[in-house]
Amino acid sequence: MDPAKCTGCGECARHCPVAAVNEINQGFDDRRAAYIEYAQAVPLAYAIDPDACIGCGLCENLCIAKAVKYDDIERETTLKVGSVVLSAGSQGYDPSGLDYLGYGKYPNVITSQGFERILSAGGPYYGHVMRPLDREEPKSIAWLQCIGSRDTNRCGNGYCSSVCCMYAVKEAMIAKEHIHGDLDCAVFNMDMRTGGKDYEKYFLRGRDKAGIRFVKARVHTITEVHETGDLKLQYTDETGEMQEEIFSMVVLSVGLKISDSSVDLAKRLGVELNQYNFVATNPFAPVTTSRPGIYTCGVFQGPKDIPGSVTEASAAACLAGTDIAAARGNDITTVEVPAEIDVTEQEPRIGVFVCNCGINIGGIVDVPAVAEYAAALPYVVFTDQNLFTCSQDTQEQIKEKIVEHKLNRLVVASCSPKTHEQMFMETLEACGINRYLFEMANIRNQNSWIHSNNPEAATAKAKDLVRMSVARAARLKTLKEKIVPINKQGLVIGGGVAGMNAALRLGQQGFDIVLVEKEARLGGFARKLHHTIEGEDVQAYLEKLVQEVTANEKIKVLTEARIVGFEGFKGNFATDIEVGPEKKLQTVKHGIIIVATGAKEYTPKEFLYADSDRVITQVELGDRLEEKGAAGLDSVVMIQCVGSRNDEHVECSRICCQNAVKNALHIKTLNPDAHVYVLYRDIRTYGLLEEYYTKAREKGVIFIRFDSETPPAVKPSSDGDLLVTIKDHILRRDVEIRADLVTLSAGMVAEDTDELSSIMKLNRNPDGYFIEAHVKLRPVDMPGEGIFLCGSAHGPKLISEAISQAQAAASRATTFLSKSEIRLSAITAKVNTDNCVKCLTCVRMCPFGVPAFNTKEEVIEINEAICHGCGVCACVCPRQTIQLSFYEDDQIMCKIDALLAEGM
Amino acid sequence: MAEEAIKLGGKKKSIFLDQVKELLPDGGNLNLCLTCGACSSGCPATGLENMDPRKYLRMAALGMDEELKSSLWTWMCTMCQRCVYVCPMKIDIPQLVFNVRASWPREDRPKGILGSCDMALRNDSGSAMGTPPEDFRFVVEDVLEEYQEAQPEFKDMEAPIDKQGAEFFLNQNSREPVTEPDEMVPLWKILNLVGANWTYGSKGWGGENYCLFLADNEAWEHLTRLTAKQADDLGCKTYLNTE
């Protein structure tokens, strides 16, 4: 079908007489031969499945848009491009070949992909958790981890898929939420690899709050209980006892695999792949393929989760864009916004659109009743309800209705303005209506999700929320946004691997950059490292990088520099910096900021570190091996999670497992006879790092697991060695290891940025790492516009990850710096100086230092260009003489009045 | 009983596991254990002697050779290979068990298996019951005759021994001709009904090979060669192992 003509109305699918297996729902239901993959597909255009279509012609006759093209064929097109990004992704591993799991034989054994569809509102069971055999709600679900991952015997995938541990926890949590009774969830695993930023907290929440059981065991065989369709799992538990459990359902946590078609594509393009068919890359050039001009990102580069994929996407965009930076600004299409219609004199004409959000809202709230209710409210001239109000086709419908009914106010009752306000405002603008004549009622996050057990109350509350929003919409005013120019210089804070890469990428694209480093020389924490686990020379790389940065004439490096003052707003910042030993003050004007302040190794308080020179950290071991080799080392014990995953530092430091494996391998290479023991809690060698864990075991490194409750103990022996005691997790017996060296895998701690974050008003999490704007969707943006984040300032990470993040931050900054001007939000505070008594409360309370007393005019002034629109001043003003536009007092009070008008 | 702590570390010393690794292709992957327990979860001998395949391999990996070699569990493994089938690292635990067995003085190995191996070595039958070839021939012919008479539909049924040029060479569990001769007949009937051209051998007809389970390498090679040679001498194309 012609996507340009198809309106996505779905008439073809409704009348198509042919059923076909619905692949997107993993075969749990049917679709028609004329179909669309899923409701939010972009473009929202239907297609004909040629394998299923019988060519009856019904859809062609029905289609008013004349979009059906029976004779449509595949066409080849030639595109001339300057660079290519390979982001072909992956597919889930197909476990059909693993006969002992019964997948394909027992209906209630499904893959994690299938379970994702079962949990989805757009899935085969509309989000109700049911098992395929009898559509009964399961009483218990088991997840089996590492299906198609970390298995060189049955599937040949020696890598870890990196995502399955987290999605299993997530699926179990959501399943427990969807099923309102007791649901027993058990995750059978070898290691729980929740090593991403804040992932450990999520895992602990799943375990301790939601009551998910995590069982350290791999199940041998699944058998079905004939009468019930339940599944019998037999496993030896951690104590070695044989256990048998019955589950209603089993979810196989399948890993990621590169599809054959991607392998073909890479071959055609002449791009080198590694032994597992991921694109071969170097740790210092993580998104650069073997062929110049071709870049890669996402799972095709290596197994990773969404934040990592989105980051790499920006990194690949950065490099692809750098190659063709000279052509920037050509072939630009601008969105034509129609001239604004003046509606200030018009009586409000409000349109209300109520969203079902699939079944997220519609499954609980009586949406038609809410829409009908809204129709009777003051000034409402039109109401409608939509399956997804946010979908592309709905925007078109809304635009039609605005014009048709001469609407001058829009109310959408759906989800959060945080995610969707901008989009609806653009829809208004496209009709010539001022974007601020918009109001949203959050009847999902603040209603249907919370009151899912009480649909009647939820419907009543939705009506209340809509009534309040309609009341406010009627009082909204047209607001004008200010347009300001952008300063094209960038400021990068931190001269480590991340900061230098970010500066270099921006410099290469022609932007002037000031790179600020607090130490006397560039390099950061990488100065302390020797080799990556792949064997690449860190110091050689660093030397080359420093040289490139200092040689780039667009980059100005300030060392021994300290930020002491900061003001301004996106596109127009000014930062005061003290530079050099003499602390010479200079002010830098810049349009963007990249924060790359890094992290450092934790200094242990544990395990005799302070008392014995035979107890050292992994970084110190790296130095020792580099200087003295491993001669004389008969026995080395490594202890993991020192300063991580404990009460003080809840999070995992992500890199220590691979660090221990790296150093263990180094010892074994230098001295194969040395004993190396790694005492660990979960080995988290995610992705392709798993290969090195395998190699370490192959070389005879012994891994012994312990729990946080039963940590190892280190004491000196009478002859000067160290004695480490621990309980072997398999034999359940005490082990005493005589060691001449104990190495602590000390975690990472964020650099001290107390002063910086307070001067620049940048938010950090309790661990001292800076907070990104959105974990998945905006992983290198900070909440304040024009401010970006990369490297270990964001959280502990590998050099390769820091580099791709730096390239990503440079890419995001480029998007910003490429514009010559920006529109500022019209939501700002205004002082009515007539009533002001100059008490200076606003001056004292503004977190951004915006209100100022103009001594000449003797009035308080609030510069709208730098006002963040937070509203603090408007709240604290004792004379109530400051109004925040879009949130004026009466625009808020009217909502309360509207709420109370109907009685609570 | 308070067990003594396992002592590790210190200078490198040779351990049994390393010796076994030398013998096996890819070292039997014996170092690669992830301690996931898939082997133990599916092992019919898990729990016996408070042991399971994972613990057994762990003892070997930690160099606890004395305990490994003295565990009676060594003789409880059935060599079924269910562990290898699902092991993500394809670790050949049965081969470790086999080599531990081989490290035992022959006379200390379990009497039942030892006796059965010795019986098989007594004559050319290779039978764990010690049955000589002529006794086997007598029983087969006697039982065949009985069935040919009692069941007219099988009056032409055959149970040949040393039939030159037969397609299939069939071996036979040794216990059946001695204690349950009727048990041999159902398979004869099947072979007869499908018209298979088959034969027993007067030599090497005993199907079980207790010497293999005894880890007596020389003896089990002898028995295997004995039966294979008989099949070759008769010109049989396919060896049907009924055990």
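This passage walks through a sheet in chain A, the meeting of chains A and B, and one residue of chain B.

The model is a predicted one, so local features need pLDDT of at least 70 and side-chain atom pairs count only at pLDDT 80 or more, while totals for chains, interfaces and linings use all residues. Residues are numbered from 1 along each chain as its sequence is written, with chains lettered from A and ligands numbered from 1 in the order in which they are written.

A good place to start is chain A, where five strands make up an open sheet in the order β7-β14-β8-β9-β10, with parallel pairing. Strands here are DSSP runs of E with at least two residues, helices are runs of H or I with at least four, and both are numbered from the N terminus; two strands pair if DSSP finds at least two bridges between them. At the edges sit β7 (109-111) and β10 (213-216) of chain A, each pairing on one side only. From one strand to the next, the twist averages 25°; axes are lines fitted to C-alpha atoms (for helices, over the stretch in contact), and angles run from 0 to 180 degrees between N-to-C directions. Within the sheet, β8 (140-147) and β9 (184-189) of chain A share five bridges in the parallel sense, and A:Ala142 has A:Ala186 in β9(A) as its bridge partner. Helix α3 (112-119) of chain A lies across β7 and β14 (249-254) of chain A, at about 115° to β14(A).

Now for the two chains together. In all, 37 residues of chain A are in contact with 33 residues of chain B, contact being C-beta atoms, placed from the backbone, that lie within 7 Å. On the chain A side, β36(A) gives the most, with six residues. Four bridges also join β36(A) to strand β1 (6-9) of chain B, and the two run parallel. There, A:Arg738 has B:Gly9 in β1(B) as its bridge partner.

Over in chain B, B:Val84 is found in helix α5 (82-86) of chain B. B:Val84 counts as partly exposed because it has 19 C-beta neighbours inside 10 Å; the buried class takes 20 or more other C-beta atoms within 10 Å, the exposed class 12 or fewer, and partly exposed falls in between, with C-beta atoms placed from the backbone. Leaving out residues up to four places away in sequence, B:Val84 touches B:Lys90, B:Ile91, B:Asp92, B:Ile93 and B:Pro94. B:Trp205 lies 121 residues from B:Val84 in sequence and 30 Å from it in space, C-alpha to C-alpha.

Conventions. Two residues are in contact if their C-beta atoms, placed from the backbone, lie within 7 Å.
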